[in-house]
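This report goes through the structure shown below, from its strands and helices to its cysteines.

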Amino acid sequence: MSSTDRGNDYDADVAVIGLGAIGSSAAWRLAARGLDVLGFEQFEPGHAWGGSTGKTRLFRVACLEHPGLTPIARRARELWRELETSSGERLFFETGGLMIGPPDSHIIEGTLRAADAHDLPVERLDADEIARRFPARARLDPGDVGVWDPEAGLVRPEAAIVAAVDAARAAGARIHTNTHVIEVEPDDDGVTIRTDDAEYRVRHVAVTSGPWITRFVPELPLTPHRVVMTWFRARDGRNANLDVLPVFIRSVPGRDTWIWGHGAMPGIHAGDSDGFDDLDGFDVKVGPDFDGPFADDDPDAIDRDIHPGETDEIRDLVAATFPDVDPEPSGVTTCIMTHSPDRQFVVGPTAHPRVVVGGGCSGHSFKHASALGELVAQSVVGEQAFTDAGFLDPRRFA
Ligand SMILES: Cc1cc2nc3c(=O)[nH]c(=O)nc-3n(C[C@H](O)[C@H](O)[C@H](O)COP(=O)(O)OP(=O)(O)OC[C@H]3O[C@@H](n4cnc5c(N)ncnc54)[C@H](O)[C@@H]3O)c2cc1C
């Protein structure tokens, strides 16, 4: 398919470079608006080599990172639900989530700031209430308090990406998987995209290449770095499933640090799950605060081996926090996080009028990814954004 505009021939209205968390949804939301979309992904959608592997991602509505993220989380949830319907896959679990820490900690203050700004139905818990309602996490420091976010939960990253790519295809997008883009060259009239074996001319480009984003937009101050993800099992005879250990971000007793994660979930059979497909279960997941400084790792050369001693710290933090969890990891893998200097994403226009970006995960973007894809689409077509996303404007670092 091609179209002509002021003497220019185009292969598509827009190319989306990288179909991971944000790009898969950007392609879907662009195609759903009737645009002619070309999507490029260097691997198979849902692969393990970018920022979106590991079975689960925490979802929160009372977003401690910025109150402006709450409307984005809510729009994302609507879109995850749409993708559940179109794919027949369960993608989103609402478990509720508990944030724990000292009253003046970033975890508590940030969560309450978002809750107050949007009048969210959170509950404020003192230490006694936490101990009574959540005995599995009763190890607290004196003075710790909790905030219960009933809208928190989990999203399944790999399945959600596959569902979004399928939805993009169904809406008419032409998707090239296992296709490596080597060059993105914008000019006044359009953008030339070069892959290993072809060249395309498009009106606009959305660069959503995650840890690889600075290959195409080098002015973005983003740092990709290797992280290790760990899973754990309940001690013999104990319960550490999601019903007693829903989503959490919390301080660690006796330590000046915090951890995030969730309980285990047994597999679900199709017959038990309201018409959804079978679903493999997962173990307890716990991760440390990634506080930097961050090595600027080459995403093509990430060390995928796990080395002796690498899980010692998280094992120690789990032992200090959860009496019912065996601190010996049951599973370990590597993933790539891409940090921005202010820990917010980069979503929207760049200095070049034909280039829009979506990325800068900073460790908390998956929950929002479907809605960030929508913001990318709105930026490409020049539509009013569904919420004020000025704090994510990539040009703030210029
Ligand atoms: C350990 C860890 C824990 C996290 N926990 C949470 C959490 O609990 N909750 C939460 O909301 N978020 C969390 N995040 C963040 C979230 O997972 C990431 O923000 C998000 O997955 C990144 O999405 P992305 O679209 O920017 O990148 P990706 O999903 O990595 O997508 C980029 C895509 O671009 C493709 N690509 C790159 N270069 C090219 C090229 N040249 N040609 C073609 N394709 C290309 C890549 O192959 C990839 O598929 C976590 C991240 C990590 C690492």
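## The eight-stranded sheet

In this predicted model, eight strands form an open sheet with mixed pairing, in the order β8-β9-β7-β16-β17-β18-β15-β19. Strands β8 (123–125) and β19 (325–339) are the edges, and each of them pairs on one side only. On average, neighbouring strands of the sheet are turned by 20° against each other, direction ignored.

One pairing within the sheet can be followed in detail. Strand β7, residues 97–101, and strand β9, residues 145–149, run antiparallel and are joined by five bridges. In this pairing, G101 stands opposite V145 of β9.

## Helices on the sheet

Helix α3, made of residues 106–117, packs on the sheet. The strands that α3 touches are β7, β8, β9, β16 (247–251) and β17 (258–262). The direction of α3 makes about 135° with that of β7.

Helix α6 covers residues 312–321 and lies across β15 (223–234), β16, β17, β18 (284–288) and β19. Relative to β19, helix α6 runs at about 125°.

## Strand β13 and its two partners

Strand β13 spans residues 191–195. Four of its five residues are buried, so the strand is largely enclosed by the rest of the structure.

Strand β12 (residues 181–186) runs antiparallel to β13, and five bridges join the two. E183 has R194 in β13 as its bridge partner. A hairpin of four residues leads from β12 to β13. Strand β14, residues 199–207, is also antiparallel to β13 and is joined to it by four bridges. Here I193 has Y200 in β14 as its bridge partner. Three residues lie between β13 and β14, which form a hairpin.

## Cysteines

How many disulfides does a search of the whole structure find? The search finds zero. A disulfide is a covalent bond between the sulfur atoms of two cysteines.

Why does C63 not form a bond with C361? The closest cysteine sulfur to that of C63 is in C361, but it is 14 Å away, so the two are too far apart for a bond. C63 is buried, and its relative accessible area is 0%. C361 is in no disulfide either: the nearest cysteine sulfur to its own belongs to C335 and is 7.9 Å away.

Notes. Residues are numbered from 1 along each chain as its sequence is written. This is a predicted model: local features need pLDDT of at least 70, side-chain atom pairs count only at pLDDT 80 or more; totals for chains, interfaces and linings use all residues. Side-chain values use heavy atoms; hydrogens and water are left out. Two strands pair if DSSP finds at least two bridges between them. Axes are lines fitted to C-alpha atoms, for helices over the stretch in contact, and angles run from 0 to 180 degrees between N-to-C directions. Contact means heavy atoms within 4.5 Å. Buried means under 20% relative accessible area, exposed over 50%, partly exposed in between (1.4 Å probe, protein chains only). A disulfide is a pair of cysteine sulfur atoms within 2.5 Å.
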